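Welcome! Let us walk through this structure together, starting from the inside and working outward.

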Amino acid sequence: MESKENKDFTRGMVVVAHADDAEYGCSGTVAKLCNLGFEMVYVMCTDGSKGTNNRNISQKELAAIRHAEQVNAGKVLGLKEVVFLDYEDSMLEPTIALRRNITQEIRRHKPDILICQYPLRTLDGKWGIGHPDHLAAGEAALSATFPSARDHLTFPELLANGLEPHKVSEVWIMSHPVPNHWVDVTNHIETSVDAILQHTSQIEGSSREEVDKRMREGRKEKGIGKGMQYAEEFRLITMR
Ligand SMILES: [Zn+2]
C-alpha cells in the first residue's frame with residue numbers, strides 16, 4: 001500500500017479553496033513529502049474572508065489574518081511557497097480566469113503530484129452537503145492540470161512569459177468517495193496538528209488536545225485494514 005510518493009518525484013502542489021482546507025485534508029501527507037525532500041507549494045484560491053462568526057471583524061481584516069495563519073502553517077510543514085489567488089471567499093466559480101491562474105502556477109512550479117479537492121457534490125451526508133468553493137477549486141485545478149498546463153496553445157500569454165507547458169504525473173483527489181491510495185502518516189501526525197493549530201481564527205476554543213484527538217480519530221479510521229496506524233486517503237489518477 002505504501003505507494004509511489006517517493007518514486008522519482010520531487011515536486012508537489014496542493015490546490016484548495018480556503019486556508020486550512022489542506023491542513024485538514026492532507027497535511028500529514030504534505031509533512032511526509034516535505035520530509036522526503038519534496039518541494040511543496042500550496043495554491044489557495046480564495047481569500048478566506050468569510051470564515052468567522054465575529055461581527056467585529058471586517059472581511060479585509062479576516063483575509064489578512066488567514067493569509068498569515070496559512071503562511072505560518074506552511075512554515076511548520078516546510079512548504080516552498082504559499083500562493084494566494086485571493087478570489088472572494090464563498091463566491092468561487094470554476095472560471096477560465098481561475099483555470100488560467102492555476103495553470104500559471106502549475107507551469108511555474110512543475111509539480112509531479114497535484115493534490116486537489118473533489119469537484120462533485122456528494123450527497124451521502126458524510127461530508128454534509130459540500131462547500132461550493134471546494135467544488136469550484138477542484139474543478140478548476142483538474143481542468144488546469146489537463147489540458148491547459150500541457151498545451152502550449154492554451155493561454156499563449158503564459159508561454160510568452162516564459163512558462164513552458166508542463167505535464168503533471170499524478171493527481172491525488174481528497175475526499176473522493178472511492179479512494180484507492182493511502183498514505184501512512186503515522187510519523188507526521190504531530191506536525192500535522194502543529195500546522196492546523198496555526199489557523200487560530202478557525203479553531204477558537206479548541207485545545208491542542210482536542211485538535212490532536214480529532215485528527216487522530218479521522219486518520220485512524222482511514223488506516224483500518226491498510227496496516228497503517230494513521231492514514232490519509234486519496235483517489236490517485238495517473239496521467240498518461
Ligand atoms: Zn474550505
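Leaving aside its neighbours within four places in sequence, which residues is Val15 in contact with? Keep in mind as you look that this is a predicted model. Beyond those neighbours, Val15 is in contact with Val43, Cys45, Ile102, Leu114, Cys116, Ala137 and Ala141.

Val15 belongs to the largest nonpolar core, which has 53 residues. Together with Cys45 and Ala137, Val15 touches the most other members of that core. Helix H4, residues 132-148, gives this core its largest share, seven residues. Another core lies apart from it and has six residues, including Trp182, Val183, Met228 and Ala231.

Now turn to helix H3, which runs over residues 96-109. With 14 residues at 1.5 Å a residue, H3 should span 20 Å, and its end C-alpha atoms are indeed 20 Å apart, so the two values agree. Many residues of H3 can be found on the inside: Leu98, Arg99, Asn101, Ile102, Thr103, Gln104, Glu105, Ile106 and Arg107 are buried. The partners that the buried residues of H3 pack against are strands S1 (11-16), S2 (39-46) and S3 (81-87), along with H4 and helix H5 (156-160). Just after H3 comes Lys110, with a positive phi of about 50°.

Finally, visit strand S7, residues 181-184. In a regular strand, side chains alternate between the two faces of the sheet. Here His181 and Val183 point one way, Trp182 and Asp184 point the other way, and all are buried. S7 pairs with strand S8, residues 231-238, in the antiparallel sense over four bridges, and Val183 stands opposite Glu232 in S8.

Technical notes. Residues are numbered from 1 along each chain as its sequence is written. This is a predicted model: local features need pLDDT of at least 70, side-chain atom pairs count only at pLDDT 80 or more; totals for chains, interfaces and linings use all residues. A nonpolar core is a set of buried Ala, Val, Leu, Ile, Met, Phe, Trp, Tyr and Cys residues joined through C-beta atoms within 7 Å. A residue is buried if 20 or more other C-beta atoms lie within 10 Å of its own, exposed if 12 or fewer, and partly exposed in between; C-beta atoms are placed from the backbone. Helices (H or I, at least four residues) and strands (E, at least two) are DSSP runs, numbered from the N terminus. Two residues are in contact if their C-beta atoms, placed from the backbone, lie within 7 Å. The expected span of a helix is 1.5 Å times one less than its number of residues. Two strands pair if DSSP finds at least two bridges between them.
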